[in-house]
Amino acid sequence: MGAWQGTPISPGIAIGKVIVKKALNAQIELIKNKEPQHERERFHAARSKAIEEVKGIYNQMLQTKGEKEAEIFMAHITMLEDMELIEGVEREIDDLMCNAEWALDAVAGSFIAIFEGMEDAYMKERALDIKDISSRIQRHLSGQGDLNIFKLKEPAIIAADDLTPSDTAQLDPELVLGIINEGGGATSHAAIIARMMGVPLVVYPNITSLVMNGQMLVFDGDKGTIELEPKEEVLKAYREKRKNLLERKIQLEKLKGTKTVTRDSFQVELAGNIGMPKDVKIALEQDAEAIGLFRTEFLYMSRDDFPNEEEQFLAYKEVLEKMQNRPVVIRTLDIGGDKELDYLQIPKEMNPFLGCRAIRFCLKKTELWKVQLRALLRASSYGNLRIMLPMIAAMEELIEAKGILEEVKAELRNEHIPFNESVQVGMMMETPAAAVMADVFAKEVDFFSIGTNDLIQYTIAVDRMNTEVAHLYSPYQPAVLRLIKKIVDSAHEAGIWAGMCGEAAADRKLLPLWIGMGLDELSMSPPSILQTRESIQKLSHEEGKKLVDEILLLKTAQEIENRL
Ligand code: PEP
Ligand code: MG
């Protein structure tokens, strides 16, 4: 019925029925000459479903979080039952003889404008609640209400127009067979999360207009091929490949418990990247020797306000305890770019990846950042914690950040709260500025971890989210490789360790280079760990060194890729 070539993003074979997830049309259309009674009924049915849904969330929050956190959902129920809203929508439907969607959008829009215009910060924020309840009703009006991708009843493939990082993190990997997303590059955070969960993902523009709920679909996350309603022989070939992948996985399991060491005894620490405490289980199942990157921003997403100190402390402690004294690198909040927080209400930026992101945001909102630092330091007593600062580009930022950390340490000492006084503090190496100054930065921190996802985009000036320029976004670019070499050499000259936690850490072609450069640690999506160990056991550090010298003389990414 349809075969397409998409962009492969996360490996694996997906076979199953499809569920379409489309964001609601931001531009709601006015449709006239509608039968008012029918539109009113549609509105009330959708509103009732929304109320049922919020009541469910309220009860769940009450049981799991407590009354204070659940309160907001009670307020949403009150809003959904508000007579001013209901009568306003009914009047609009009657007066214009229009569709319920338009009437609701118009009435909610006028409420939002009133709240946004208020002086009081608390009242201003109510505009967000109106947006929330209105989009909930709109979702039910659109007929997508019952198809909740976060609460799948049976396994399915999701075809989405724009799956955000926090959407992806909320999916159940047991039931999501695969994802086809309309946009986003290989290092978009939605892609990274899918890879981490071991869920296959392909990008294909316009997929949500090509498929319908319930249709049978297969796709290949390694090749990018997609087939809708496949013929029996196609299905058979996909099943065969899935079986082979499974056998290969079982084969790799034999490497559990073996050392990550080259033929000539060069040892590398093989670590896992995680986004939530629950991911430690996946990392340990894949025999991660450490956690090389805990992206803490996911703790802040999918909720209505900032996690408090206690919530964060418990999350960090859980990871540290589960890792039983093995190293755990926890990165402080790296919000911004493609990782948005609805409740932050940050003004839209022209270039969010160059804007108020990561450490820049934290140095502006120091009170908020200190909460995270306090939670981290308190958790440091429960394992082998290493604190990592994201996106440092200038020495001023590092000095200021370390100063704030010292303030928090002093506070804890005053309060007689124990923490590890010698906790390691390192920085992400993900801006060209930091890489060029690596020898200077190396004297100020305990470790470097190279973030190739950003280092590539900032070095080549190519947006990691933009598929139009994806051909330039390459870890094989000689400029990127030279910067990486400089970072590792600078670390070792200063006597500190250097790791890599960007997606390139698991690139099998580049692995001989990382071994040759002498990276001390490689951290990756857990499903890549065992195959990386297998490759490293076949490599030689000495041969890698020679290869690095040879590669760094080449001029183009293509030549380098060919040589590798
Ligand atoms: C990176 O930039 O390589 C990195 C690991 O961080 P993130 O992907 O979260 O930006
Ligand atoms: Mg980064």
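Student: Is Arg378 buried or exposed, and what is its relative accessibility?

Tutor: This is a predicted model, in which local features need pLDDT of at least 70 and side-chain atom pairs count only at pLDDT 80 or more, whereas totals for chains, interfaces and linings use all residues. Residues are numbered from 1 along each chain as its sequence is written, chains are lettered from A and ligands numbered from 1 in the order in which they are written, and side-chain values use heavy atoms, with hydrogens and water left out. Buried means under 20% relative accessible area, exposed over 50% and partly exposed in between (1.4 Å probe, protein chains only). Arg378 therefore counts as buried, with a relative accessibility of 16%.

Student: Which residue meets the side chain of Arg378 in a salt bridge?

Tutor: A salt bridge is a side-chain nitrogen of Lys or Arg within 4 Å of a carboxyl oxygen of Asp or Glu, and the one at Arg378 spans 3.1 Å from N to O, its partner being Glu310. The pair links distant parts of the chain, 68 residues apart, with Arg378 in helix α14 (residues 366-379) and its partner in helix α12 (residues 309-322); helices (H or I, at least four residues) and strands (E, at least two) are DSSP runs numbered from the N terminus. The partner is partly exposed, with a relative accessible area of 38%, and the residue is Glu310.

Student: Which residue forms a salt bridge with Glu415?

Tutor: The closest N and O atoms of this pair, Glu415 and Arg374, are 2.9 Å apart. The two residues lie 41 residues apart, Glu415 in the loop between α15 (395-414) and β13 (424-429) and its partner in helix α14. Glu415 is partly exposed, with a relative accessible area of 40%, whereas the partner counts as buried at 13% relative accessibility, and that partner is Arg374.

Student: How many residues apart are Glu503 and Arg195, which form a salt bridge?

Tutor: The closest N and O atoms of Glu503 and Arg195 are 2.1 Å apart. Glu503 sits in the loop between β15 (497-500) and α20 (511-517), and Arg195 in helix α7 (residues 189-197), a separation along the chain of 308 residues.

Student: Where is Val329 found, and what is its relative accessible area?

Tutor: Val329 is found in strand β11 (residues 327-331). Leaving aside neighbours within four places in sequence, Val329 is in contact (heavy atoms within 4.5 Å) with residues including Ile291, Phe294, Met388, Phe447 and Trp497. Val329 is buried, with a relative accessible area of 1%.

Student: How far apart are the centres of domain 2 and domain 3?

Tutor: The bounds come from an automatic or database domain assignment, which divides the protein into domain 1 (2-22 + 148-238), domain 2 (36-141) and domain 3 (252-563). The contact takes 5 residues from domain 2 and 5 residues from domain 3. Taken over C-alpha atoms, the centres of domain 2 and domain 3 are separated by 41 Å.

Student: What area is buried between domain 2 and domain 3, and how many salt bridges are counted between them?

Tutor: Buried area is the accessible area (1.4 Å probe) that two parts lose on being put together, summed over both. Between domain 2 and domain 3 this comes to about 380 Å², of which carbon and sulfur atoms give 45%. α2 (67-80) and α5 (121-141) each supply at least two residues of the side of domain 2 that touches domain 3. The area is thus about 380 Å², and the count of salt bridges between the two domains is 0.
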